[in-house]
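Thanks for sharing this one; here are my notes on the ligand site and the open space in the fold. I have kept them as numbered points so that you can follow along in your viewer.

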Amino acid sequence: MGRRAGSAQQEGIFSDMVAATGSTEREGWSSRSAFILAAIGAAVGLGNVWRFPTLAGENGGGAFVLFYVACVFLLGLPLVISEIFLGRTGQDDAVGSIRKVAERSGASKNWSAFGVMGVVAAFLIVSFYSVVAGWVLYYVGVMGADFASAVLSGDPLRGALVGQSQEAIQGRMGDLFGNPGLLLAMHFAFMGVTLFIVARGIGSGIETAATILMPMFFVLLVGITIYGAFVGNMGDAVAFLFTPDWSKLDPPAMNTALGQALFSLSLGVAGLITYGSYIKGPAGLGPTSVTIAFADTGVALLAGLMIFPIVFAVGLDPAAGPTLVFQTLPFAFQTMPAGALIGLLFFLLILVAAVTSSISLLEVPTAWGIGEMGWSRLTSSLVFGGGAFLVGIACLLGYNVWSEVRPLGFWSLFAEKDILDTVDDFTGKIMLPLGAFFTAVFVGWRADRKLVQEMTGLSGFWLSTWRFLIAWLCPLAVGTILITGLFPQVLGS
Ligand code: TRP
């Protein structure tokens with residue numbers, strides 16, 4: 001960094017770059033594997049360890065899981081390649097990257113509008129993501145205190161929260177939701193960490209965090225899964241997750257699976273455009289994208305294999321819904337050997353996954369502020385981190401003081417939704433598929449074919465397969481999710 005080019009010729013290239021990008025030294029990943037790790041960190045998050053098991057449980061397991069995996073590889077993977085292509089080629093924030101690819105393809109600059117929508121969506125998602133991660137932080141505190149008291153009482157391997165009734169354990173979540181001050185403190189702490197990492201920049205912030213946290217995450221995930229295989233009911237869990245009962249795969253479940261595949265791979269809101277723009281090296285996006293998709297899906301499935309054996313061992317309900325992780329599991333840990341310790345590690349694992357995702361979300365608007373508004377990284381991350389913190393406050397007040405508020409109550413789709421669910425559904429059901437749709441149409445139909453081939457590094461069979469998927473299957477399938485999501489009557493639900 002900061003090394004000036006020596007020879008006259010290099011000087012020329014240097015000033016061309018300055019003229020083209022408006023800055024002397026745009027940040028970048030230190031290596032391709034650093035990018036892959038950060039992108040896996042972005043993909044692996046609450047979506048994998050909280051939402052995926054919840055949805056698989058609610059939608060009857062097997063058939064949903066298999067359909068989800070098909071969505072990841074047929075729709076998600078082509079989109080991952082496309083988003084990274086846009087960023088890698090544009091070398092700018094999401095909006096600037098799309099604009100540059102449009103210019104080089106002779107297409108209208110107005111295509112960058114879907115980048116603007118992505119920036120807004122990422123900002124909104126991080127606002128409620130931080131609130132949910134705050135709940136996780138609270139449970140880290142609860143389990144941490146419990147484990148500390150287990151250690152102090154000389155029985156570190158005891159179960160979790162011993163002596164507390166099931167009602168008391170499950171009631172904790174209600175207590176938390178009824179306590180705006182506590183929710184606010186947790187949200188503040190989590191957003192603070194996110195902001196701190198993003199403000200430090202790509203190399204010493206995001207890349208460093210991913211390099212430390214992702215290995216930690218994998219060790220915890222594999223460790224707890226092995227633990228569950230010994231003390232839990234792995235047989236039932238495998239049967240539940242992988243034996244398809246196709247009658248349970250109705251259109252609403254398919255719709256959910258598609259939406260979850262997009263969310264889990266961090267697609268549709270310019271996240272991978274932004275991360276991809278920090279790749280400096282040569283192209284070759286196929287293997288890189290396959291690695292990200294495999295890792296993300298592998299983690300979701302492992303998370304299922306970590307959680308369900310424990311749930312089944314104590315005969316609890318796999319279809320408990322969003323409270324599965326927060327209410328069902330802490331109770332299950334009560335009767336498990338070393339439950340206090342494993343419970344603490346379990347929530348730490350979710351927290352770690354959430355951090356590496358929330359930083360990717362905050363980076364999208366932050367990069368936009370730097371690239372389009374000319375702000376410094378510090379200013380930009382403070383503006384958007386602070387803004388998302390405020391929107392998050394509205395979300396958390398929706399559980400108590402503003403529990404009657406239905407922000408989009410006039411719209412039948414959102415009539416029943418509190419503030420957090422409204423933001424979650426509006427981004428997830430509308431903005432995210434819309435962003436994915438425009439990405440597919442733009443890259444599949446408008447982007448210069450030579451440029452695409454050169455920058456993705458795809459050729460032959462894989463190029464034609466990818467082209468078919470991105471130009472035809474993705475727009476059709478994602479368009480279907482969008483329409484059926486907006487008009488659920490179509491699906492008869
Ligand atoms: N993929 C993350 C998860 O599963 C969430 C996430 C991070 C995300 N970055 C994103 C979702 C960008 C959509 C877009 O938890």
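1. First, a term for what follows: helices are DSSP runs of H or I with at least four residues, numbered from the N terminus. Please keep in mind that this is a predicted model.

2. Let us begin with the enclosed space. The count comes to one cavity of 30 Å³ or more, and the largest cavity has a volume of about 190 Å³. What takes up this space? The ligand does: the space it takes is the largest cavity.

3. Which elements build the walls there? H2, H3, H6, H11, helix H12 (271-276) and H15 each give at least two residues to the lining of the largest cavity. H15 has the largest share, with four residues. In total 20 residues line the largest cavity, and Ala 42, Phe 263, Ser 266, Ser 360 and Leu 361 lie nearest its centre. By class, this lining has 13 nonpolar, seven polar and no charged residues.

4. Now to the ligand itself. It has 14 residues around it, of which Gly 47, Tyr 129, Phe 263, Ser 266 and Val 269 come nearest. At least two residues of this shell come from each of helix H2 (32-43), helix H3 (46-58), helix H11 (251-264) and helix H15 (339-373). The shell has seven nonpolar and seven polar residues, with no charged ones.

5. The polar contacts are worth a look in your viewer. A backbone N or O atom of Gly 47 lies 2.8 Å from a ligand oxygen atom, while a backbone N or O atom of Ala 43 lies 3.0 Å from a nitrogen atom of the ligand. From a side chain, a polar atom of Ser 266 lies 3.0 Å from a ligand nitrogen atom. How much of the ligand's accessible area does the protein cover? It covers 100% of the 360 Å² that the ligand has on its own.

6. Please look at the largest pocket as well. About 1000 Å³ of space lies in it, and of its 38 lining residues Arg 51, Leu 55, Lys 417, Asp 425 and Lys 429 are the closest to its centre. Two or more lining residues come from each of H3, helix H6 (113-152), helix H7 (166-177), H11, helix H17 (419-446) and helix H19 (460-486). H17 gives the largest share, eight residues.

7. A last remark on the makeup of that pocket: its lining divides into 21 nonpolar, ten polar and seven charged residues, whereas the lining of the largest cavity has no charged residues.

Definitions and conventions: Residues numbered from 1 in each chain as written. Predicted model: local features only at pLDDT ≥ 70, side-chain atom pairs only at ≥ 80, totals over all residues. Heavy atoms only, no water. Near = heavy atom within 4 Å. Polar contact = N/O pair within 3.5 Å; in protein donor to acceptor, adjacent residues only side chain to side chain. Areas by Shrake-Rupley, 256 points an atom, 1.4 Å probe, with all protein chains shown as cover. 1 Å grid on protein atoms, 1.4 Å probe; cavity = no way out; pocket = protein on both sides within 12 Å on 5 of 7 lines; lining within 4 Å. Sits in = over half its atoms within 2 Å of the grid points. Nonpolar A, V, L, I, M, F, W, Y, C, P; charged D, E, K, R; others polar. Points joined across faces, edges and corners; volume = space filled by probe spheres on them.
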